[in-house]
Amino acid sequence: MNVLEVEIEKAGYKDRPDVIQEIKFSVRAGELVGLIGPNGAGKSTTIKALLGLLGEMKGNVVMAGKGTYGYIPEHPILFDELTLWEHLELAAASMEHPLPDFQARAEELLARFRLTEVRHHLPASFSKGMQQKIMLILGFLQKPEVYIVDEPFIGLDPKATKDFLEGLKEERGRGAGVLMSTHVLDTAERICDSFVLLSEGRLVARGDLEAVRQRCGLPGGSLFDCFHSLL
Ligand SMILES: Nc1ncnc2c1ncn2[C@@H]1O[C@H](COP(=O)(O)OP(=O)(O)OP(=O)(O)O)[C@@H](O)[C@H]1O
C-alpha cells in the first residue's frame, strides 16, 4: 500500500515556476525513501511542493488514511517566547486529530532525546543540536502515516542520530512511510529501502540500490559512485 503518491508536473517559485518538473514517485507503508541530489537539484522544492507550501505547483499529492504527516525541517522553527513543553502543547493543540495520549507520548519522546530536564526552558537558548531534537520530537508526536524529513543528519550527535533512526524504525514497523532528503550518502545507502535521485529539477533515477546501479551501469557500485556517474 502506498502512503504517499507524488506526481508533480511542475512546481517552483513566482519568478521560477518550473524549478522542478516531471517528478513522480511513491512511498509504501513501512518504506524509507531517500531523496538524493546535489545542491540546488530541487530536493527542498520537492518537499515544499508536496507539503503545499509553494504558490506555483501543478500536480497531485495523495497521502493515505487521514493524510497526517510529520514534517521535520532542516532548520529548527521555534518561538522565542514559548518553552519546550509549550511548543509540544501548541503542536498538539493545532493537530487536526487530537492526541489522546499527549502527556505520555510527549514525556516518552523528551526522555528518548534526553530533554526532560530542560522541558520548561526556552529553546532559544539551546544548542543547535538540542533545537534540532525538538523538531524530531514534534515530528514524532502525532504518529503520522508519513514522515517528511529534510536533511536530518547535520547537527545531530551520533547518539541523537541513533535515537532518531531507532524512532523511525519503530514508526516504520507500525506502517509509516518516510521520505528523507540527505547528502550523507553512506548512511542513506545503509538505511534506505529505495531512492529518488534528482538533478537539475528532474528525476534521474528511482528504485532500490540495484535499480540505481543498473541505471548507472555500475554493478556493485556504491550510492556515492552512482550519484557521481549520474550527475
Ligand atoms: N525562494 C526561491 N525563489 C526562487 N528560486 C528558488 C527559491 N528557493 C530555491 N530556489 C531555486 O530552486 C532550485 C532548487 O533549490 P532547492 O533548494 O530545492 O535545492 P536542494 O536540492 O534542496 O539543494 P540543497 O542541497 O543545497 O539544499 C535552485 O536553483 C534554487 O536557486
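1. Helix H3 (residues 102-112) and helix H4 (residues 128-141) cross in the right-handed sense. Handedness is judged from the near helix: anticlockwise from the far one by less than a right angle is left-handed, and clockwise is right-handed. The two helices pack at an angle of about 145 degrees, with their axes 10 Å apart. Axes here are lines fitted to C-alpha atoms, for helices over the stretch in contact, and angles run from 0 to 180 degrees between N-to-C directions. Helices (H or I, at least four residues) and strands (E, at least two) are DSSP runs, numbered from the N terminus.

2. This is a predicted model, in which local features need pLDDT of at least 70 and side-chain atom pairs count only at pLDDT 80 or more, while totals for chains, interfaces and linings use all residues. Residue numbers start from 1 along each chain as its sequence is written.

3. On the H3 side of this contact are Arg 105, Ala 106, Leu 109 and Leu 110, and they meet Ile 137, Phe 140 and Leu 141 of H4. Residues are in contact if their C-beta atoms, placed from the backbone, lie within 7 Å. By class, the H3-H4 contact holds 6 nonpolar residues, no polar ones and 1 charged. Ala, Val, Leu, Ile, Met, Phe, Trp, Tyr, Cys and Pro count as nonpolar, Asp, Glu, Lys and Arg as charged, and the others, Gly among them, as polar.

4. H4 also packs with helix H2 (residues 84-93): the two axes come within 10 Å and cross at roughly 30 degrees. That angle makes H2 roughly parallel to H4 (under 35 degrees is roughly parallel, over 145 roughly antiparallel, 65 to 115 roughly perpendicular, the rest oblique). The H2-H4 crossing is right-handed. From H2, Leu 84, His 87, Leu 88, Ala 91 and Ala 92 meet Ile 134, Ile 137, Leu 138 and Leu 141 of H4. The contact is made of 8 nonpolar residues and 1 polar residue, with no charged ones.

5. Towards the C-terminal end of the numbering, helix H7 (residues 209-216) and helix H8 (residues 223-230) form another pair, with axes that come within 10 Å and cross at roughly 35 degrees. Their crossing is left-handed. Leu 209, Val 212, Arg 213 and Cys 216 of H7 meet Leu 223, Cys 226, Ser 229 and Leu 230 of H8. The residues in the H7-H8 contact comprise 6 nonpolar, 1 polar and 1 charged.

6. One open sheet has 3 strands in the order S2-S1-S4, paired antiparallel (strands pair if DSSP finds at least two bridges between them). Strand S2 (16-28) and strand S4 (56-63) are the edge strands, and each has a single partner, so one side of each lacks a neighbour in the sheet. Neighbouring strands are turned by 5 degrees against each other on average, direction ignored.

7. Within that sheet, S1 and S2 share 9 bridges, and a hairpin connects them through 2 residues. Leu 4 has Val 27 in S2 as its bridge partner. Strand S1 (residues 2-13) is joined to S4 by 8 bridges; among the paired residues, Ala 11 is matched with Met 57 and Gly 12 with Glu 56.

8. The other sheet described here is open, has 6 strands in the order S5-S6-S7-S3-S8-S9, and is of mixed pairing. Strand S5 (69-72) and S9 stand at its edges with a single partner each, so each has one side without a neighbour in the sheet. The average turn between neighbouring strands is 15 degrees, direction ignored. H7 packs on this sheet, touching S8 and S9, and its direction makes about 125 degrees with that of S9.

9. At the S9 edge, strand S8 (residues 194-199) and strand S9 (residues 202-207) pair antiparallel over 5 bridges. Phe 195 is bridged to Gly 207, and Leu 197 to Ala 205. The two strands form a hairpin with 2 residues between them, and Glu 200 in the turn has a positive phi of about 50 degrees.

10. Overall, the protein has 8 helices and 9 strands. Its radius of gyration is 18 Å, close to the 17 Å of the globule rule for 231 residues, so the protein is as compact as a globular protein of that length. The radius is taken over C-alpha atoms, and the rule is 2.2 Å times the number of residues to the power 0.38. Along the principal axes, the C-alpha atoms fill a box of roughly 55 × 40 × 35 Å.

Technical notes:
Contact = placed C-beta atoms within 7 Å.
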